[in-house]
Amino acid sequence: MLKANVGSSTNECPKTAGSEAARAAKMGLADVKMAFVYASCAYEIAQVIAGVKEELAGVPVLGNTSFTGVITPEGYVGGDKPFVGIMAFSDADMSVGIAAVEKNGCAIELGESLAKKAMAAAGKDTAPDYFYMAASPAEEEFYLKGMSKVIGRVPFFGGSAADNSIAGEWKLYAEDAVFADGCIVAYFYGGPKMTNLFTGAYRETNDFGVITKIDGNRTLMEIDGIPATRKYAQWRGLDQEAVTGGNLLVTTITSPLGIKDRLGDLIAIRHPMNGNDNGSMAIGNNLAEKTCVIRMEASVDELISSTGETLKKLIEKMPSKPLAFHLVHCGGRRAGIGDRINEVAASIKAAAGDIPYIVEFTFGEYGFESDNNNTCGGLMLSFTGFCE
């Protein structure tokens, strides 16, 4: 049966912080099979991993830098201090294969290579029961597409690496590999069942339109033939300054765009990141022409309350008593919540009770609906539970 534990540290020394967090995370666990490690971009990550390895020798570890902090049962950890948060898993029936690939060429082809490496690392030649993925915030969908060519449609969860200021200072790491651009995965075989709840927890409005022009994969040029920032400003009655440059990112935290899946079961949020001079928007995930975007809404109060509410819904969805939670929370939502982050910690704690959990803050979130259609989004919650 799965046993999990969580540890954290804010020690100024990165190696000591890694060691302290790992020592706490392994407490009470025998035969640790793997560990998720989330750390501050202010640390020298190789030193953090060195400290973790001192306490978890021979244990596969992976993770990424998290936006401003993590949340554990002890509360919010980070803020003005660098931090490390670790969740360790122990399960006699579990096999885990961890692999990493640094960006060098076609992301789809690299995804294929990554899938083969992860299966080999687990000593398997079949698709996993489910998998975890983290990537740099750029080509997540393409790494996923490459892996799917090898293993098919296997449920996944995870999120993109983040830094504290959207300055490209994020890192991904798996075992001894540390890099800024690429993808890491953990393939899980045997052990606990995994249940994922993937949601933006926003409300639909009656403002919607057809994407009539994009540039590349992530630049939204026009909605209904109108420059995207102008259309969005019209919907909300905003002046041009609110949708210009980096102002657009902040403006849209409580009112982003959404796209429905083909059955209407899931609305994947698309976060506008920057308003360009030509009226286009830089978007955090891939888009497709001749599909519909919907303006979504949620107040800051709702962003906070949705965390505990989503965890409760996840628990209801699970087939048996939870043993651990891995909770991915968008960094943009966290920025919008600001100094009320302790309310999020309290909301999650109330819902989780005595079940161990860790929350990371990402620049992209990954999850799936019941038909196993894996999806990448932004400004979302990808809440995952493990049970027998």
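**Notebook: one sheet, its helices and the cysteines**

I looked up the sheet first and found six strands in an open, mixed arrangement, ordered β7-β12-β8-β9-β24-β25. The model is predicted, so I note that local features need pLDDT of at least 70 and side-chain atom pairs pLDDT 80 or more, while totals for chains, interfaces and linings use all residues. Residues are numbered from 1 along each chain as its sequence is written, and side-chain values use heavy atoms, without hydrogens and water.

Strands (E, at least two residues) and helices (H or I, at least four) are DSSP runs numbered from the N terminus; two strands pair if DSSP finds at least two bridges between them. I recorded β7 (95-102) and β25 (375-377) as the edges: each has a single partner strand, so one side of each lacks a neighbour in the sheet.

I then examined β8 (residues 130-135) and β12 (residues 182-189), which run antiparallel and are joined by six bridges. Ala134 has Ile184 in β12 as its bridge partner.

Next I turned to a helix on this sheet. Helix α3 (residues 107-121) packs there, touching β7 and β12 (contact: heavy atoms within 4.5 Å). Its direction makes about 150 degrees with that of β7; axes are lines fitted to C-alpha atoms, for helices over the stretch in contact, and angles run from 0 to 180 degrees between N-to-C directions.

Finally I checked for disulfides (cysteine sulfur pairs within 2.5 Å) and found zero. The sulfur of Cys41 lies 16 Å from its closest cysteine sulfur, that of Cys330, which is too far for a bond. Cys330 is likewise in no disulfide, with the nearest cysteine sulfur, in Cys376, 13 Å away.
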